[in-house]
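Here are some exercises to work through with the structure open beside you. Try each task first, then follow the solution step by step.

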There are 2 protein chains.
Amino acid sequence: MKERTREAAGRPPAMADVARVAGTSVQTVSRALSGHPSVREKTRAKVLAAVDQLGYRKNNAARMLRSGHSRTIGLVTLQTNFYSRIAVTSGIEDAAHEAGYAVTAATTKSLDTSAIEGALARLADHGVEGVILAVPLIHVSERIEDLTRSIPTITIDGSRTDATEVVAVDQAMAARLATRHLLELGHGTVWHIAGPSEWLDASSRSTGWRLTLEEEGRTPPPELKGDWSPASGYANGLVLGRIPDVTAVFVASDEMAFGLIRALHELGKRVPEDISVVGVDDIALAEYCSPSLTTVAQPFAETGALAVAHLLRQIADADAAPEPASVEPRLIVRASTAPARASGG
Amino acid sequence: MKERTREAAGRPPAMADVARVAGTSVQTVSRALSGHPSVREKTRAKVLAAVDQLGYRKNNAARMLRSGHSRTIGLVTLQTNFYSRIAVTSGIEDAAHEAGYAVTAATTKSLDTSAIEGALARLADHGVEGVILAVPLIHVSERIEDLTRSIPTITIDGSRTDATEVVAVDQAMAARLATRHLLELGHGTVWHIAGPSEWLDASSRSTGWRLTLEEEGRTPPPELKGDWSPASGYANGLVLGRIPDVTAVFVASDEMAFGLIRALHELGKRVPEDISVVGVDDIALAEYCSPSLTTVAQPFAETGALAVAHLLRQIADADAAPEPASVEPRLIVRASTAPARASGG
DNA sequence: ACACAGGATGTTATCGATGCCAATACTCGG
DNA sequence: CCGAGTATTGGCATCGATAACATCCTGTGT
């Protein structure tokens with residue numbers, strides 16, 4: 001029925017085959033294909049013709065074995081469907097591809113040290129030249145230190161080891177933008193539903209929120225905590241909605257924000273008339289669910305691209321000093337925030 | 001400041017180093033590590049001890065060069081943030097990892113034949129043993145045929161080439177569940193906002209919808225078309241909301257459904273009182289946006305796992321006959337659908 | 001005690017590309 | 001027209017693991 005006939009010869013052509021057809025040595029073929037300067041134009045043409053004729057493609061395994069360069073980077077992510085974690089990967093793959101690198105993914109189900117060690121080890125086994133860690137490192141084990149020391153590593157929104165460079169969105173700024181926006185609308189204070197404290201971005205937002213309030217001379221109310229899921233936003237909303245003087249909430253993610261809004265709704269509170277809500281991420285639905293959500297957009301694609309750029313720089317020059325980099329978030333005002341009503345008015 | 005000291009020796013230990021420490025030959029080490037039966041327990045222990053002591057890890061490039069097995073599979077996806085495309089990858093990575101395989105991702109920005117060829121070629125270059133194509137193949141070029149013939153390939157929700165096995169969610173069934181649900185609620189007919197017709201799952205849903213209506217003796221109304229994005233759902237909603245007798249809409253994705261609902265809202269139509277809406281996917285927010293969305297849940301994780309299982313079977317036995325497989329979707333009734341009001345009542 | 005089956009281990013060649021060094025072909029100045 | 005000097009090119013060893021084949025042990029039956 002179906003025949004998996006590989007090549008006529010039984011196996012794909014090797015460089016030697018190309019050399020034979022082109023009438024040169026393998027060495028010349030190698031040089032011609034890797035753009036070495038001292039190959040005569042005419043020779044290069046002959047080689048390319050042979051390559052074309054045979055449908056030759058370089059064997060990456062052989063190249064890698066010999067040269068140590070796999071042209072592959074690894075990506076460690078937590079296996080969730082939370083929007084933000086997914087959005088960066090797209091930017092990463094894009095930038096990597098642009099630079100001629102492939103991306104091998106290793107997802108972990110938990111944030112256990114051992115799970116992350118496992119993911120790193122798997123990537124190392126597959127010969128990646130560098131790794132992008134898009135998970136928060138709760139606890140940096142010795143083994144992780146070892147692995148990140150032996151392979152160039154970039155952490156996104158994470159804590160750093162002494163061998164790890166960090167690329168991050170300025171989450172404190174995100175929190176500041178959101179909190180200030182609400183204060184400027186005249187709200188007396190701003191409540192906060194944070195993400196899990198193991199996540200550095202969650203705790204940065206939390207700190208940013210707290211500091212902004214303090215700068216403005218307000219006492220931060222107690223912080224609530226979610227797990228990024230809409231359900232956890234909802235659960236927190238059932239609590240928050242019962243506290244009389246809550247008029248403004250900054251939520252650490254859009255998905256939680258919509259969960260919150262639904263809970264408030266069920267408790268008879270209107271958004272934004274009674275309570276204003278700001279999220280973070282600017283997911284695709286932020287504009288289209290009701291009410292459309294005021295949120296802080298994160299430049300996910302740029303973050304990914306920046307991480308790749310830094311990683312490649314570090315792969316190219318292992319001694320390059322780590323330079324923390326960050327990108328700026330942006331407030332997008334929509335319909336979930338409104339001026340505070342004059343109290344008692 | 002930071003020293004990228006690799007190993008003390010200057011380079012990672014090789015199998016020969018292990019053999020030296022264990023006092024055996026490399027071959028025995030190889031056998032011990034790949035679970036070959038005829039290795040004495042005592043010898044295996046010595047080898048494992050040496051491995052442990054040296055922190056040895058197999059060099060995948062070398063193994064691959066010699067044996068042709070990279071223990072890596074490739075995944076081609078379209079670079080979008082549309083929920084469904086993302087959700088399967090998580091199932092794929094999980095199942096692959098379970099089986100000891102790594103996943104290398106190649107995203108394409110467009111569905112051009114050449115873009116897909118490029119993605120496949122990149123994966124082939126990196127020595128993947130098989131490929132999962134999670135993009136619709138609009139036009140199967142000769143080159144794609146070649147590539148899929150030389151590498152085991154599974155297509156998810158896509159059209160098949162003569163060398164490609166297909167794993168799919170039964171999209172016709174999804175459409176049937178949604179449409180029938182609406183008809184059972186007493187709606188005279190059901191409108192449909194479809195996804196891009198290049199996507200096989202979109203057109204399967206469209207056909208399923210049309211057939212169900214015809215089976216029930218209704219004439220299908222004209223079909224509207226979106227591009228999976230919330231914005232396109234919104235745009236279609238602005239049209240649909242102006243047609244007087246529309247009371248039920250089946251939308252090909254949740255994100256478009258929420259766009260539709262927002263447009264209807266703005267036109268003064270209430271969901272579900274005036275118009276019932278059913279989506280597809282069951283995204284995390286489906287339950288938490290207002291109104292919570294009646295939708296057809298797709299078993300994304302299983303789909304991914306199934307694709308991997310089939311692919312590995314095919315890798316193991318290249319002559320195994322392709323067996324199309326499909327998994328069943330499930331209707332989840334929430335608050336966006338309601339019984340039709342007695343017309344004129 | 002001897003030969004033999006079969007398990008356990010060692011040897012050698014090999015996968016395909018590339019770094020290093022040697023060898024050849026070509027250029028130009030004198 | 002020749003030699004120095006450079007532009008091209010080729011030969012060989014090599015990366016690390018494994019397949020195939022060879023060898024060396026055990027234990028066992030008669």
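This is a predicted model, so treat each exercise as a reading of that prediction.

**Exercise 1. Give the strand order of the open 6-stranded sheet in chain A, and find its edges.**

Step 1. Trace the open sheet of chain A from one side to the other: its 6 strands come in the order S7-S6-S8-S9-S10-S12, and the pairing is mixed.

Step 2. Look at the two ends. Strand S7 (224–225) and strand S12 (330–332) of chain A each have a single partner strand, so one side of each has no neighbour in the sheet.

Step 3. Now zoom in on one pair. Strand S6 (residues 191–194) and strand S8 (residues 248–251) of chain A run parallel and are joined by 3 bridges. One place to see this is A:Trp191, whose bridge partner in S8(A) is A:Val249.

**Exercise 2. Describe the surroundings of strand S8 (residues 248–251) in chain B.**

Step 1. Begin with the neighbours. S8(B) pairs in parallel with strand S6 (residues 191–194) of chain B through 3 bridges, and B:His192 faces B:Phe250 of S8(B).

Step 2. Then take strand S9 (residues 276–281) of chain B, which is also joined to S8(B) by 3 bridges and runs parallel to it. Here B:Ala248 stands opposite B:Ser276.

Step 3. Follow the connection: S8(B), H11(B) and S9(B) form a right-handed β-α-β unit.

Step 4. Sort the side chains of S8(B). B:Ala248 and B:Phe250 point one way, B:Val249 and B:Val251 point the other way, and all are buried.

**Exercise 3. Is strand S2 of chain A enclosed or not, and what does it pair with?**

Step 1. Count the buried residues, where buried means 20 or more other C-beta atoms within 10 Å. In S2(A), 7 of the 7 residues pass, so the strand is largely enclosed by the rest of the structure.

Step 2. Check both faces. A:Ala102, A:Thr104, A:Ala106 and A:Thr108 point one way, while A:Val103, A:Ala105 and A:Thr107 point the other, and all are buried.

Step 3. Find the partner within the chain. Strand S1 (residues 72–78) of chain A runs parallel to S2(A), with 7 bridges between them; A:Ile73 has A:Val103 as its bridge partner. S1(A), helix H5 (residues 83–98) of chain A and S2(A) make a right-handed β-α-β unit.

Step 4. Find the partner across the interface. S2(A) (residues 102–108) pairs with S2(B) in the antiparallel sense over 3 bridges. A:Val103 appears here too, with B:Ala105 as its bridge partner in S2(B).

**Exercise 4. How are chains A and B related, and what makes up their interface?**

Step 1. Superpose the chains. A turn of 180° with a shift of 0.0 Å along the axis lays chain B on chain A with an RMSD of 0.1 Å. This is the relation of a two-fold axis.

Step 2. Compare the two sides. Both copies use the same surface, as 100% of the contact residues of chain B recur in chain A.

Step 3. Count the contacts: 51 residues of chain B touch 51 residues of chain A. Elements giving two or more residues to the chain B side include helix H4 (60–67), helix H6 (113–125) and helix H10 (230–240) of chain B. By class, that side has 22 nonpolar, 15 polar and 14 charged residues.

**Exercise 5. Which parts of the protein surround DNA strands C and D?**

Step 1. Take DNA strand C. It has 25 residues around it, and the closest are A:Met15, A:Ala62, B:Gln27, B:Ser38 and B:Thr43. H2 and H4 of both chains A and B each give two or more residues to this surface, and H4(A) has the largest share, 5 residues. The classes are 8 nonpolar, 11 polar and 6 charged.

Step 2. Repeat for DNA strand D. Of its 24 surrounding residues, A:Thr28, A:Thr43, B:Met15, B:Asn59 and B:Ala62 come nearest. Helix H2 (26–33) and helix H4 (60–67) of chains A and B each supply at least two residues. This time H4(B) gives the most, with 5 residues. The surface divides into 7 nonpolar, 11 polar and 6 charged residues.

Terms used
Residues are numbered from 1 along each chain as its sequence is written. Chains are lettered from A and ligands numbered from 1 in the order in which they are written. This is a predicted model: local features need pLDDT of at least 70, side-chain atom pairs count only at pLDDT 80 or more; totals for chains, interfaces and linings use all residues. Two residues are in contact if their C-beta atoms, placed from the backbone, lie within 7 Å. Helices (H or I, at least four residues) and strands (E, at least two) are DSSP runs, numbered from the N terminus. Ala, Val, Leu, Ile, Met, Phe, Trp, Tyr, Cys and Pro count as nonpolar, Asp, Glu, Lys and Arg as charged, and the others, Gly among them, as polar. Two strands pair if DSSP finds at least two bridges between them. Copies are superposed by least squares on the C-alpha atoms of residues with pLDDT of at least 70 in both. A residue is near a molecule or strand if its C-beta atom, placed from the backbone, lies within 6 Å of it. A residue is buried if 20 or more other C-beta atoms lie within 10 Å of its own, exposed if 12 or fewer, and partly exposed in between; C-beta atoms are placed from the backbone. A crossover is right-handed if, with the strands pointing away from the viewer, the path from the first strand over the helix to the second runs clockwise.
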